Amino acid sequence: MYSIKATIALVLMLCLYVHAQQSVSILPSDDVTMYSEIDDAADGSGIVMFSGVNNAGFEYRSLIKFDVAGALPSRAVAITDASITLRLNRAGNGGLADTDPTRLHRVTKDWSEGDSNGMVASTSSGGGGLLDAATTGDVTWVYSAFDTASWTTPGGDFSATTSASLLIDASSSSLPTDFTWTGGNLVTDVQDMSDNAGTNFGWILINENGFSKRWNTLQAQATEGGAPVLNVEFVPCEITCPPFQAYLPGS
């Protein structure tokens with residue numbers, strides 16, 4: 001027969017096992033660029049995406065979405081940490097350091113990636129990325145889904161709150177290199193995406209004053225790796241430990 005101390009120790013071990021922190025790395029379900037200079041062109045299946053401003057003064061914004069709820073256990077979880085890592089493989093203006101951070105904001109309207117492929121049919125150099133004519137469902141600067149649903153504001157609908165920001169200094173790194181965004185607001189976003197999958201429209205990557213930057217997408221993973229990744233640490237919350245008294249003799 002177990003002693004009281006042994007029983008309590010067993011309960012503690014079970015609690016630690018049930019509530020042990022776990023982690024998961026999630027690849028994107030969609031990742032794409034919006035190009036401000038061309039309203040009806042896209043690159044939904046492209047191997048790269050862009051942010052910043054090109055030499056002609058046109059802005060790029062990237063959209064990225066992860067299936068958070070689908071990647072986590074099918075039970076309630078408490079998110080304890082989150083980060084997003086992107087691989088930079090080219091930077092404009094000789095790779096000089098930005099003076100303004102590149103920011104992530106939560107997107108507030110649904111969008112779709114589409115099947116356009118600039119490597120197959122180019123209509124523009126796009127400042128380094130080849131563009132295709134937008135097809136049905138492609139996201140563009142004007143359309144969240146070409147050509148049936150428009151953004152309320154061209155360039156995307158997103159929260160004014162910054163989820164995470166990072167000052168990119170490509171001058172001190174040999175490319176390609178990885179950059180990681182972290183922060184409490186990112187944790188809050190991921191918790192909400194876990195709890196409310198229907199309003200998970202991902203993030204937008206913005207830098208209105210920075211040099212153009214070219215990032216790997218999921219489509220690059222097979223040939224060179226470095227796909228975007230959302231790293232999440234969490235604690236499962238489905239099971240709670242009953243009071244120790246429930247395990248004591250005579251209870």
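The charged end of Lys65 sits over the ring of Trp111, 4.5 Å from the ring centre. The side chain of Lys65 also reaches the backbone oxygen of Trp111, at 3.1 Å. This is a predicted model. Below, the briefing follows Lys65, the strands around S13, the cores, the aromatic pairs and the cis peptide bonds.

**Lys65 and its surroundings**

- Lys65 lies in strand S5.
- Its relative accessible area is 10%, so Lys65 counts as buried, the cut-off being under 20%.
- Beyond four places in sequence, Lys65 touches Pro28, Ser29 and Asp30.
- The contacts of Lys65 also include Asp110, Trp111, Asn200, Phe201 and Gly202.

**Strand S13 and its partners**

- S13 covers residues 203–206.
- Trp203 and Leu205 point one way from S13, while Ile204 and Ile206 point the other way.
- All four of these side chains belong to buried residues.
- In a regular strand, side chains alternate between the two faces of the sheet.
- S5 pairs with S13 in the antiparallel sense, over three bridges.
- Ile64 stands opposite Trp203 in S13.
- S7 also pairs with S13 in the antiparallel sense, over four bridges.
- His105 has Ile204 of S13 as its bridge partner.
- Leu104 stands opposite Leu205 in S13.

**Strand S7 and Arg106**

- S7 runs over residues 102–107.
- Six of its six residues are buried, so S7 is mostly covered.
- S7 pairs with S11 as well, antiparallel and over five bridges.
- Arg103 stands opposite Ser165 in S11.
- Which strand holds Arg106? Arg106 is found in S7.
- Arg106 is buried, with a relative accessible area of 12%.
- Its side chain makes a polar contact of 2.9 Å with the side chain of Asp192.
- Outside its neighbours within four places in sequence, Arg106 is in contact with Phe158, Ser159 and Ser163.
- Other contacts of Arg106 are Asp189, Asp192, Met193, Thr199, Asn200, Gly202 and Trp203.

**Nonpolar cores**

- The largest nonpolar core has 30 residues.
- Trp181, Trp203, Trp215, Leu230 and Val232 touch the most other members of this core.
- Six elements are listed as giving two or more residues to this core: strands S1 (22–26), S6 (77–91), S12 (177–182), S13 (203–206) and S15 (229–236), and helix H3 (184–195).
- S6 gives the most to this core, with seven residues.
- A second, separate core has eleven residues, including Met34, Leu63, Val107 and Phe201.
- Leu230 touches Val24, Ser25 and Ile26, not counting residues up to four places away in sequence.
- Leu230 also touches Phe66, Val68, Ser83, Ile84, Val190 and Trp203.

**Aromatic pairs**

- The count comes to seven aromatic pairs.
- The ring centres of Phe50 and Tyr60 lie 5.2 Å apart, with their planes at 55 degrees, so this pair is tilted.
- The pair links distant parts of the chain, ten residues apart.
- Phe50 is in strand S4 (residues 48–53), and Tyr60 is in strand S5 (residues 59–65).
- Are Phe50 and Tyr60 buried or exposed? Both are buried.
- Tyr35, Phe50 and Tyr60 form one aromatic cluster.

**Cis peptide bonds**

- Most peptide bonds are trans.
- The bond from Phe146 to Asp147 is cis, with omega near -15 degrees.
- Asp147 is found in the loop between strand S9 (143–145) and S10.
- Leu175 and Pro176 are also joined by a cis peptide bond, with omega about 5 degrees.
- Pro176 has its place in the loop between S11 and S12.

**Pro154**

- Pro154 is in the loop between strand S10 (149–150) and strand S11 (158–166).
- Why does Pro154 count as partly exposed? Its relative accessibility is 48%, and the partly exposed class lies between under 20% and over 50%.
- Pro154 and Met34 are 120 residues apart along the chain.
- Their C-alpha atoms are separated by 9.7 Å.
- Met34 is one of the members of the second core.

Technical notes
Residues are numbered from 1 along each chain as its sequence is written. This is a predicted model: local features need pLDDT of at least 70, side-chain atom pairs count only at pLDDT 80 or more; totals for chains, interfaces and linings use all residues. Side-chain values use heavy atoms; hydrogens and water are left out. A nonpolar core is a set of buried Ala, Val, Leu, Ile, Met, Phe, Trp, Tyr and Cys residues joined through side-chain atoms within 4.5 Å. Buried means under 20% relative accessible area, exposed over 50%, partly exposed in between (1.4 Å probe, protein chains only). Contact means heavy atoms within 4.5 Å. A polar contact is a pair of N or O atoms within 3.5 Å; within protein, one must be able to donate a hydrogen and the other to accept it, and residues adjacent in sequence count only if both atoms are side-chain atoms. Rings of Phe, Tyr and Trp (its six-membered ring) pair if their centres lie within 6.5 Å; planes under 30 degrees apart count as stacked, over 60 as edge-to-face and the rest as tilted. A charge sits over a ring if NZ of Lys or CZ of Arg is within 6 Å of the ring centre and within 35 degrees of the ring normal. Two strands pair if DSSP finds at least two bridges between them.
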